[in-house]
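Please take the sequence and the structure together, and follow the text from one region to the next, finding each residue in both before reading on.

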Amino acid sequence: MLSVPHRNIVKATVPVLEQGGEALTTHFYRILLQDHPEVRPLFNPAHQADGAQPRALAHGLLKVARHIDQLDVLGDLFAVIVNKHVSLQIQPEHYPAVGASLLQAIREVLGPDVATDDVIEAWAATYGLLAGMLTSAEGQAYDTIAAARGGWRGGRAFRVADKRQESAEITSFTFAPVDGAPVMDFTPGQYIGLRLFVDGVEVRRNYSLSATANGRDYRISVKREPGGVVSNHLHDQIRIDDVVHLFPPAGHFTLQGGARPVVLISGGVGITPMLPLMSAALATGREVRFIHCARSAEVHAFRGWVDDHLERHPALSTFYCYERHDGMVAGHNDADDNHAAPPPHAVGRLTQARLADWLPDDRDVDAYVIGPKPFMASVLKDLRALDVPPAQCRYEFFGPAEPL
Ligand SMILES: Cc1cc2nc3c(=O)[nH]c(=O)nc-3n(C[C@H](O)[C@H](O)[C@H](O)COP(=O)(O)OP(=O)(O)OC[C@H]3O[C@@H](n4cnc5c(N)ncnc54)[C@H](O)[C@@H]3O)c2cc1C
Ligand code: HEM
């Protein structure tokens, strides 16, 4: 617990963080990544370049400063951070470098008039408190994962057991552990950390698990990102029997209990966690509305797999919305011919009116949303306008969390 004077000083910095939080965290990452090369592989440079990670941290620090008297109301924020840290294997020994860089950034960005000794001392105490909370929660998670059947600690070697093209731009990879031992179950909706070397440089990325847990292997499905380091390496270089290292599953974008109908709304590669979520919801007998938006049939992955469930599960309904539809799909492999694509349920964007048609009449549903940020912002706004209770709308970012 922080002292009252420290809490008052931190609260007094809220206006400064509101105005200049992003400049502060951008400078912080510059210092951290320049002075501590050992932490560079943990971070995705793209999230620095587009500002998403500095924005996520600035947003997090602002929330902390605003709620410094009752940090326990920030449960969701801590869950996001702890899960992300665990999936990338952040360890207690990383914390001092981050703390020192943060305090240096506060001094340098705010200047001596604002960043007085008292302010630095209050933020040092706050950082110590946060670091203690995070390392303790992360340590517990690492211990629980290591003790689980099929669990492990750190990176574990997996070989590529299968590589399969799912659409013009999404390819699935199935990873089986090199040691042949079982792999731990995961909760549908969770993701893994992947570590590999591209041109001799270590990189880490997160990927949602796209097939239900089976105790033997994990499947991820990766969209080729133009200019993307890891996705292109996976698509172009990684072959069957190549070895990568995986960090165990983490994440809290998971199915809430209860009997409410489940509405899964994805855009593009956001479909990946929806597949195990759909199976889990159907297995408990819940009604499922599977709504997926894609640019076209060519990039719509897993349509056949999802539609195969329709006959066996009357509680499932599917709705597809393509931005454009010309009726044909090019074959993914040399052996495949171009073929006619089944039509979507709508052409154009997912409008509020379409969403209204595709939701159950009773809006007491659990909704799950993943896709590009503007897509998520628009869908969440529409769900709210259509009377789906905000507390029942869950979403996840395929990158650092940001205010929508
Ligand atoms: C929880 C979670 C789950 C995820 N699940 C999935 C999933 O199931 N499937 C999936 O495909 N993805 C998923 N992702 C996204 C994934 O982690 C990667 O971000 C994605 O594959 C892109 O990585 P990349 O290395 O190919 O691209 P990056 O190298 O990260 O590049 C991304 C973009 O930034 C640009 N860029 C890169 N470096 C720089 C730079 N230095 N300066 C300027 N621009 C730059 C690139 O040109 C590219 O356009 C998930 C992410 C999270 C957080
Ligand atoms: C009190 C200390 C810390 C706080 C408050 C904090 C906060 C955050 C936040 C808000 C995110 C974004 C989460 C998301 O939305 O995905 C994040 C991600 C991350 N954090 Fe921390 N963090 C702390 C310490 C550390 C430390 C010590 C490290 C290790 C060097 C670290 C490494 C990372 C990495 C690698 C990511 C993901 C970055 C990416 O996606 O590129 N963090 N952290």
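In this predicted model, the shell around ligand 2 draws at least two residues from each of four helices, namely α4 (52-66), α5 (75-88), α6 (95-114) and α7 (117-147). Among the contributors to this shell, α5 gives the most, with five residues. In total 22 residues are found around ligand 2, and those that come nearest are N44, H47, K84, H85 and A401. Sorted by class, the shell around ligand 2 consists of 16 nonpolar residues, five polar residues and one charged residue.

Several of these nearest residues can be followed down to individual atoms. The side chain of K84 places a polar atom 2.5 Å from an oxygen atom of ligand 2, while a polar side-chain atom of H85 is found 2.8 Å from a nitrogen atom of that ligand. With N44, by contrast, it is a polar atom of the backbone that lies 3.1 Å from an oxygen atom of ligand 2.

Turning to ligand 1, where does it lie with respect to domain 1 and domain 2? Both domain 1 (4-147) and domain 2 (156-250) give residues to the shell around ligand 1, and therefore ligand 1 lies between them. This shell holds 25 residues, of which N206, Y207, K223, V230 and S231 are the closest. At least two residues each are supplied by α3 (45-49), β4 (201-208), β5 (218-223) and α8 (229-236), and β4 gives the most, with four residues. By class, the shell around ligand 1 divides into 11 nonpolar, nine polar and five charged residues.

Here too the contacts involve both side chain and backbone. An N or O atom in the side chain of Y207 is 2.7 Å from an oxygen atom of ligand 1, whereas P226 brings a backbone N or O atom to 3.0 Å from an oxygen atom of this ligand, and G227 has a backbone N or O atom at 3.4 Å from an oxygen atom of ligand 1. Taken alone, ligand 1 would expose 960 Å², and the protein buries 76% of that area.

A last region to find is strand β8 (residues 288-294), in which seven of the seven residues are buried, so the strand is largely enclosed by the rest of the structure. From β8, the residues V288, F290, H292 and A294 point one way and R289, I291 and C293 point the other way, and all of them are buried. Strand β7 (residues 262-267) runs parallel to β8 and is joined to it by six bridges; in one of these pairings, L264 has F290 of β8 as its bridge partner.

Key: Residues numbered from 1 in each chain as written. Chains lettered and ligands numbered in written order. Predicted model: local features only at pLDDT ≥ 70, side-chain atom pairs only at ≥ 80, totals over all residues. Heavy atoms only, no water. Near = heavy atom within 4 Å. Polar contact = N/O pair within 3.5 Å; in protein donor to acceptor, adjacent residues only side chain to side chain. Areas by Shrake-Rupley, 256 points an atom, 1.4 Å probe, with all protein chains shown as cover. Nonpolar A, V, L, I, M, F, W, Y, C, P; charged D, E, K, R; others polar. Domains from an automatic or database assignment. Buried < 20%, exposed > 50% of the residue type's maximum accessible area, 1.4 Å probe, protein only. Pairing = 2+ DSSP bridges.
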